[in-house]
Amino acid sequence: MSGAGGFVGHHLLEHVLATTDWAVTATDSFRHKGRSDRIAAVLAPHPEWRRRVTVVTHDLAAPYTAVMAAGLGDVDYMVAVASQSHVDRSITDPVPFVTNNILVALSTLELARVIRPRAVILVSTDEVYGPVELGSTGWPEWAPILPSNPYAGSKAAQEALAISYWRTYDIPVVITNTANVFAERQSPEKFLPMLIRGISRGETVTIHGRPGEIGTRHYIHARNVADAWLWILRELPPARFGNAGRPDRYNTTGPEPVSNLDLARQVAAIAGRPLRYELVDFHSARARPGHDPHYGLDMGKVSALGWKPPVPFAESLERTVRWAIANPSWLLDA
């Protein structure tokens, strides 16, 4: 798996170690948002897991050498998690941001050409589809790709590369599109930990929207989405070129949209603190082009196939908020 020190990546690592007997090669460059202390936090309570994990520090935007590829041994599955994912930074300085994400995907796909795994999951986002209408059930798989900002565009580019490798080189790619992921040890630049930090300190928090139109998102806990990826790997052999016209794609998301204001209210209730907030019309094209008020994915396909999030949203949210308040060092800027 790539990006093991990242927010989502380290939760995937934890879930694999907790629910399987698999050995894991965990790669990260540790030069963006990857942190070795996240991996340490996963392994510390379970010293027996250490023998199953090999951490490889490597610039994920650079090619893997033949020696490195051979040293990985037999690899059954690859999960490409690593990407920069912050919309604001992609808008402020798009060239290095987009270049990094494209090269990370390219390096991973080139490695897959060498080691020939049974499946490669490319982790993508709901944002490649652009905004949905308020009240919509969300985009289904293979809806038109209409990214609104450079981050979303870079993820769409990753998808296009993966599809081309599926066709040209018979790489068993599976694309998953995921909504907003939250959990413990998330960077405080993201909305939920920003809310937790501000509300727990008694500060006024910013809510994006205006009266009558508050931004909405679908949310899913990182361990839930990790469960979905493992379920896909175990239960759904990837389509291969020659037998299908395109690779498999699955939406892995939470079932219901949550408004930014409702999320803040829930955080305040869990924290036992009053909610002080101001509305900022952040999503209008004039105020900040590239931000969309409503994102959403239709998870009907995976639901019909038999997967659902094992831990409900409310329970996941309460656990995350309480953990963050009890571990305030993870809410510091980093």
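This report looks at one pocket and at the aromatic contacts in a predicted model.

Let's start with the pocket. The second largest pocket has a volume of about 580 Å³, and 27 residues line it. M1, A23, T25, V75 and Y77 are the lining residues that lie nearest its centre. Elements giving two or more residues to this lining are α1 (7–19), β1 (24–28), β2 (53–57), β3 (77–80), α5 (94–115) and α8 (222–235). The largest share, four residues, comes from β3. By character, the lining divides into 18 nonpolar, five polar and four charged residues.

Now for the rings. A search of the whole structure finds eight aromatic pairs, among them these two edge-to-face pairs:

| Pair | Centre to centre | Angle between planes |
|---|---|---|
| W166 and F241 | 5.5 Å | 70° |
| F182 and F313 | 5.8 Å | 80° |

The pair of W166 and F241 links distant parts of the chain, 75 residues apart: W166 belongs to helix α6 (residues 150–169), while F241 is in the loop between α8 and β10 (248–252). W166 counts as buried because its relative accessibility is 0%, whereas F241, at 37%, is partly exposed.

The pair of F182 and F313 also links distant parts of the chain, with F182 in strand β6 (residues 180–182) and F313 in helix α11 (residues 313–326), 131 residues apart. F182 is buried, with a relative accessible area of 1%, and F313 is partly exposed at 23%. Together with Y219, F182 and F313 form one aromatic cluster.

Two arginines also meet ring faces here: R113 lies over Y169, at 3.9 Å from the ring centre, and R249 lies over W142, at 4.1 Å from the ring centre.

Conventions. Residues numbered from 1 in each chain as written. Predicted model: local features only at pLDDT ≥ 70, side-chain atom pairs only at ≥ 80, totals over all residues. Heavy atoms only, no water. 1 Å grid on protein atoms, 1.4 Å probe; cavity = no way out; pocket = protein on both sides within 12 Å on 5 of 7 lines; lining within 4 Å. Points joined across faces, edges and corners; volume = space filled by probe spheres on them. Nonpolar A, V, L, I, M, F, W, Y, C, P; charged D, E, K, R; others polar. Phe/Tyr/Trp six-rings, centres within 6.5 Å; stacked < 30°, edge-to-face > 60°. Buried < 20%, exposed > 50% of the residue type's maximum accessible area, 1.4 Å probe, protein only. Lys NZ or Arg CZ within 6 Å of the ring centre and 35° of its normal.
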